[in-house]
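Please keep the sequence and the three-dimensional view side by side while reading. The paragraphs below begin with a single residue and then widen to the rest of the chain.

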Amino acid sequence: MNIAVIGAGYVGLITAAGMAETGHRVICVDDDLHKIEVLNSGRMPFYEPGLEDLVERNRRAKRLEFVSHIEDAVAECQAIFICVGTPTLENGEADLSSVELVARRISECARGYHLVIEKSTVPVQTGRRLQRHFGVYRKSSQFHCDVASNPEFLREGSGVEDFFHPDRIVVGVDSEKAAALLEGIYQPVLEQSFVCPIHENCASRSRVPFVITDINSAELIKHASNSFLAMKISFINMIADLCEAVGADVGKVAEAVGMDKRIGASFLRPGVGFGGSCFPKDLQAFVRVGQDAGCDFALLREVERINQRRIDLFVNKIKEELWVVRGKRIGVWGLAFKPRTDDVRSSPPLAVIRRLLAEGALVRAYDPQAMEKAKAQAPEIEYCADAYAAAQGAEAVLALTEWEEFLRLDLMKVRQIMARPLILDGRNMFSCATMAAQGFEYVDIGSGSPARKHQLGAS
Ligand SMILES: NC(=O)c1ccc[n+]([C@@H]2O[C@H](COP(=O)([O-])OP(=O)(O)OC[C@H]3O[C@@H](n4cnc5c(N)ncnc54)[C@H](O)[C@@H]3O)[C@@H](O)[C@H]2O)c1
């Protein structure tokens with residue numbers, strides 16, 4: 001099928017390349033001319049493992065092309081996926097202006113039948129508004145359409161894997177035709193019948209669940225899923241604070257709690273909190289949705305509040321150790337909001353760094369992928385060539401993104417080049433025992449032990 005994907009961001013580009021790989025012809029549209037230029041020259045506008053090969057192979061095979069005008073895609077494509085950003089307005093609501101603009105452009109140029117699919121994360125009832133929009137703004141009486149919701153669950157850092165091996169595919173539709181078209185589009189993924197571009201031998205090739213619902217429910221499923229995951233993170237962070245206060249080990253608590261199949265182990269890692277372009281904004285938008293519908297969403301407001309406090313608590317830990325931070329050199333490992341991505345949107349590491357810079361600290365940071373994006377947001381940071389350079393002469397190193405690369409560092413060397421061998425681990429990526437054995441002062445989150453306890457005869 002010919003498919004248009006509007007928006008070549010993390011979601012749009014992975015979706016476009018994935019669908020091309022499974023045999024469709026995809027025209028990917030973005031109004032950012034520079035991004036289109038970059039993609040057409042065979043380069044990538046952002047880092048996502050495995051995506052570059054996928055894009056390049058399908059571009060060369062002419063199954064995937066990039067254009068900057070929606071009109072160039074709509075005429076040829078029956079299915080149109082909207083994958084533009086939906087950031088947060090000041091009042092917490094989702095900003096749907098990009099979605100509306102795309103709908104306006106489609107109304108202006110579409111003729112005949114189209115299936116318009118919202119893949120961007122949108123508040124419940126957006127589909128209904130889109131239907132009304134198309135009725136009001138369509139330029140041609142020949143244009144008629146179905147609107148569908150197809151929320152995206154991919155995780156940055158493993159987005160390609162998630163496209164090909166999703167836990168489920170959810171579609172919200174109000175016609176059999178829309179359901180059938182979407183099932184056709186996703187058939188290779190649902191049946192796992194494609195030649196897997198990532199694994200030589202896929203472990204799991206069982207049919208992917210295809211959940212068909214009404215449009216409102218599909219929209220709500222996405223917000224509910226992200227809010228639940230955010231809730232797990234804030235929950236374990238709350239428990240981590242208690243562990244610190246009473247002398248328990250959150251690592252053990254989380255491990256044993258997570259062994260309960262009803263709870264599950266994932267998203268039970270304490271740290272400096274969740275960030276990125278999804279959880280914070282989706283949570284806020286969902287709280288607004290609940291509030292506007294007259295429902296009590298205090299639970300989710302608390303999830304948000306706990307998360308915001310993570311930065312304060314971590315900065316307090318730093319100050320507890322360093323006393324005065326003004327003029328002190330602090331190394332930072334990690335700038336991306338999580339590993340395996342270069343995304344620094346609502347990045348907790350940047351939030352911590354901004355606080356330290358405001359207090360006069362000298363911050364020297366390193367991230368394997370996110371430095372270019374971070375530079376645009378925080379030029380006042382001194383960016384380093386590697387993790388050792390960030391640690392050189394530092395009175396403390398903050399470990400803020402759990403890149404595997406940091407686990408392979410020569411800790412002996414790190415200890416020798418630091419002015420004071422103090423590591424504050426905002427992601428609990430190292431173990432207390434290892435760090436103590438290496439002679440570090442080590443402060444983690446929720447181990448219930450004062451930092452000094454982990455210092456074993458540092459020279
Ligand atoms: N990033 C994720 O991990 C993720 C996961 C699931 C869902 N989502 C949701 O998917 C949506 C997109 O997220 P993203 O991270 O890919 O955003 P992004 O900012 O990376 O990409 C959005 C793209 O849309 C383009 N765009 C904006 N307006 C346009 C227009 N009028 N015409 C053409 N292109 C336009 C932008 O230039 C940009 O390249 C959001 O609603 C987000 O909440 C994101």
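Gln192 is buried, with a relative accessible area of 5%, in what is a predicted model. This residue belongs to the loop that runs between helix H8 (176-190) and strand S8 (210-213), and its phi is near 55°, a positive value in a residue other than glycine. In general, most residues other than glycine have a negative phi. A second residue with a positive phi is Lys62, which is not a glycine either and has a value near 65°. Lys62 sits in the loop between helix H3 (51-60) and strand S3 (64-67), and at 69% relative accessibility it counts as exposed, whereas Gln192 is buried.

With these two loops located, the view can be widened to the whole chain. The chain contains 18 helices and 14 strands. Its radius of gyration is 24 Å, close to the 23 Å that the globule rule gives for 459 residues, so the chain is as compact as a globular protein of that length. Along its principal axes, the C-alpha trace spans about 80 × 50 × 45 Å. Of the 459 residues, 55% count as buried, and the accessible surface comes to about 20,200 Å², of which 51% belongs to carbon and sulfur atoms. Among contacts between residues at least 6 apart in sequence, 74% join residues at least 24 apart. As for charge, the chain has 54 positive and 61 negative side chains, and the centres of the two sets lie 1 Å apart.

Which residues have the most contacts inside the largest nonpolar core? This core has 63 residues, and those with the most contacts inside it are Ile318, Trp333, Leu335, Ile381 and Leu398. Ile381, leaving out residues up to four places away in sequence, touches Leu335, Leu350, Ile353, Leu357, Val363 and Ala365. A second, separate core of 48 residues includes Leu39, Met44, Leu51 and Ala148.

Three of the partners of Ile381, namely Leu350, Ile353 and Leu357, are listed among the buried residues of helix H13 (residues 348-358), which are Pro348, Pro349, Leu350, Val352, Ile353, Leu356 and Leu357. The elements that cover these buried residues include helix H12 (298-322), strand S9 (329-333), strand S10 (362-366), helix H14 (371-377) and strand S12. Helix H13 is followed by Gly360, whose phi is positive, near 95°.

Pro349 of helix H13 also leads to Thr401, since the two residues are in contact. Thr401 lies in the loop between strand S12 (396-399) and helix H16 (404-407), and is buried, with a relative accessible area of 0%. Apart from its neighbours within four places in sequence, Thr401 is in contact with Trp333, Gly334, Leu335, Ala336, Lys338, Pro339, Pro349, Asp367, Phe406, Arg427 and Met429. Two of these partners, Trp333 and Leu335, are among the residues with the most contacts inside the largest nonpolar core. Thr401 and Gly276 are 125 residues apart in sequence, and their C-alpha atoms are 12 Å apart in space.

Another loop residue to find is Cys384, between strand S11 (382-383) and helix H15 (387-391). Cys384 is buried, with a relative accessible area of 6%, and, not counting residues up to four places away in sequence, touches Arg364, Ala365, Tyr366, Met371, Ala389 and Ala390. Ala365, one of these partners, is also touched by Ile381. Between Cys384 and Glu37, which are 347 residues apart in sequence, the C-alpha to C-alpha distance is 29 Å.

Is Tyr47 buried, partly exposed or exposed? Tyr47 is partly exposed, with a relative accessible area of 27%, and is found in the loop between helix H2 (33-40) and helix H3. Beyond its neighbours within four places in sequence, Tyr47 is in contact with Tyr10, Arg340, Thr341, Asp342, Gln369 and Trp403. By contrast with these contacts, the C-alpha atoms of Tyr47 and Glu108, 61 residues apart along the chain, are separated by 34 Å.

The last stop is Asp72, in helix H4 (residues 71-74). Asp72 is partly exposed, with a relative accessible area of 40%, and touches Ile27 and Val67, not counting residues up to four places away in sequence. The C-alpha atoms of Asp72 and Cys28, 44 residues apart along the chain, are separated by 9.8 Å.

Conventions
Residues numbered from 1 in each chain as written. Predicted model: local features only at pLDDT ≥ 70, side-chain atom pairs only at ≥ 80, totals over all residues. Heavy atoms only, no water. Helix = DSSP H or I, 4+ residues; strand = E, 2+ residues; numbered from the N terminus. Rg over C-alpha atoms; globule rule 2.2 N^0.38 Å. Buried < 20%, exposed > 50% of the residue type's maximum accessible area, 1.4 Å probe, protein only. Contact = heavy atoms within 4.5 Å. Areas by Shrake-Rupley, 256 points an atom, 1.4 Å probe, with all protein chains shown as cover. Lys, Arg positive; Asp, Glu negative; His and termini not counted. Charge placed at Lys NZ, Arg CZ, Asp CG, Glu CD. Core = buried A, V, L, I, M, F, W, Y, C linked by side-chain atoms within 4.5 Å.
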